[in-house]
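User: Could you take a close look at one part of this model for me? I'd like one helix followed from end to end, with its surroundings, and then a word on the pockets.

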Amino acid sequence: MSEPLILGIESSCDETGVGIVRGTELLANEVASSMEQHVRFGGVVPEVASRAHLESMVPVLQAACATACIDLAELDGIAVTAGPGLMGALVIGLSAAKALASYLGKPLYGVNHLAGHVAVDLLEHGELPMPCGALLVSGGHTSLLKVSSIATDIVEVGATIDDAAGEAYDKVARLLGLPYPGGPVIDRAAAEGDPQAIRFPRGLTARHDMIQHRFDYSFSGLKTAVSRWVETQQRDGKEVPVNDVAASFQEAVADVLTAKAVDLCQTYELEHFLIGGGVAANSRLRALLAERMAAAGVELRRPRPGLCTDNGAMIAALGVQVVKAGLEPSSLDISANSGLPVETILV
C-alpha cells in the first residue's frame, strides 16, 4: 500500500503555509509571511494577518502544487490547522481547506498546530521512537510534552504560566531598542556579548516553585528584571551594554528551558527528545540542549530551522500520521478553536 499523500494548510498566525507530504517525504513547503506588515506595530496584528492570509492562500497553494508536481485530484486528504492560534487567521485557512475538500471530494482533517511541530521532525529524521519528550517554544507557546503517539496520545506536562519564551524575546528586544521580531536580533546580538555579565533570574526554579510548577515556565519576571536593570543603567547615566544584556537574557531563557527538559526525560525515563517551534531555531538554545541531553544520555532531534517556524509541511506530516492511524476524518462543520489544547490532536 502506498503512503498517504496529504496537503497541509497552516494559517494560525502570520505565515500562510501550504505543504505537501507523501508518507515522510516532503514534496513541497511553500510559505508566505506577513511579518514585514507587523514590524511597525511591534507585534502581530490579527486583522492584518487575516487579510494577508486571504491574499496569499491561492498563490501559495498554486506554488506548492507546482513544486510537488502533483494534481490536487491525486491527494488522499486535506489537513488544516484548526487551532490553537489567532481566530481570524485560523478561519481563513480552515475555510480554504473546507472548500478544497468539498470540491475535490477528499477527507478533511482539522488538526492541532502544536502537534504539527512534533510531527514535522519525521520529515527530516524519519520514524520517532515512542515514548519521547518534546519542547515546543514559540512566540505564543512554551510547552513540555510527553508523546506516546503523534496521532493519538500527546500530554502537556508543563507550560508557561505567563509569557511565552518568544514573547519575552520580543519584549526585551523592544527594551533594548532592537527591531521586531526579537528572537533573531537578540540571538545575533548575544553572539557578541558575555552571557555571564548579568545574572538574571531563572523563573520557577526555586525549591518551593519546583513542588507546584516543576515542569512549568515563567518569563514575566525575567522580562521585568531586564527592564529594571536597563532603567537603572539609564538613570545612572551609564551606557546600556546591549550585547551583554542580550547574551545574559538569552542564557537565562536557555538555561531554564533546557534544565526542565532534561528533568522531564529523567523523570519519565525518556530516551528520545525533540524541539520545535520558532524559538527552537535559536542558536544558544539548540547548543545548550544538545550538550545537556548528551550528558543525560538522551538522543536529541532538532529539525532544521526552516521547519521549526510555522509551515504547511508540519500540518501535512501530522495529517499523514492521522490517516495512518485510521482515525475518522473531521466534519466539514468543524470550527476553529483559538485555545485548542494539545491533547486534542484531531478535531
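Analyst: Here's a walk along helix α2, followed by the two largest pockets. Keep in mind that this is a predicted model.

Let's start with length. Helix α2 covers residues 46-68, 23 residues in total. At 1.5 Å a residue it should span 33 Å, and its end C-alpha atoms sit 31 Å apart, so the two figures agree.

That doesn't make α2 straight, though: there is a bend of about 45° at Ser56. A proline, Pro59, comes within four residues after that bend. Right after the helix ends, Cys69 has a positive phi, about 55°.

Now for what's tucked away. The buried residues of α2 begin with Ala49, Ser50, Ala52 and His53, then take in Ser56 and Met57, and go on through Val60, Leu61, Ala64, Cys65 and Ala68. As a reminder, an α-helix has 3.6 residues a turn, so residues three or four places apart point the same way. Ser56, where the helix bends, is itself one of the buried residues.

What lies over that buried set? The cover includes three strands, β1 (5-10), β2 (15-22) and β3 (25-33), along with the helices α1 (35-38) and α3 (87-104).

For a close-up of one of those neighbours, go to Ala32, which belongs to strand β3. Beyond its neighbours within four places in sequence, Ala32 touches two α2 residues, Ser56 and Val60, as well as Asp14, Glu15 and Thr16. Both Ser56 and Val60 are on the buried list. Ala32 and Pro59 are 27 residues apart along the chain, yet their C-alpha atoms are 9.1 Å apart in space.

On to the pockets. The largest pocket holds about 890 Å³ of space. Its lining counts 35 residues, and those closest to the centre are Ser138, Gly139, Gly140, Asp170 and Tyr180. Elements giving two or more residues to that lining are α4 (113-119), α6 (165-175) and α7 (182-190), with α6 supplying the largest share at 6 residues. By type, the lining splits into 16 polar, 11 nonpolar and 8 charged residues.

The second largest pocket comes in at about 180 Å³. Lining it are Thr24, Leu122, Glu127, Leu128, Met130, Ser149, Ile150, Ala151, Gln321 and Lys324. Here the split is 5 nonpolar, 3 polar and 2 charged.

Conventions: Residues numbered from 1 in each chain as written. Predicted model: local features only at pLDDT ≥ 70, side-chain atom pairs only at ≥ 80, totals over all residues. Heavy atoms only, no water. Expected span 1.5 Å × (residues − 1). Bend = angle between axes of the 7 residues up to and from the residue. Buried < 20%, exposed > 50% of the residue type's maximum accessible area, 1.4 Å probe, protein only. Contact = heavy atoms within 4.5 Å. 1 Å grid on protein atoms, 1.4 Å probe; cavity = no way out; pocket = protein on both sides within 12 Å on 5 of 7 lines; lining within 4 Å. Points joined across faces, edges and corners; volume = space filled by probe spheres on them. Nonpolar A, V, L, I, M, F, W, Y, C, P; charged D, E, K, R; others polar.
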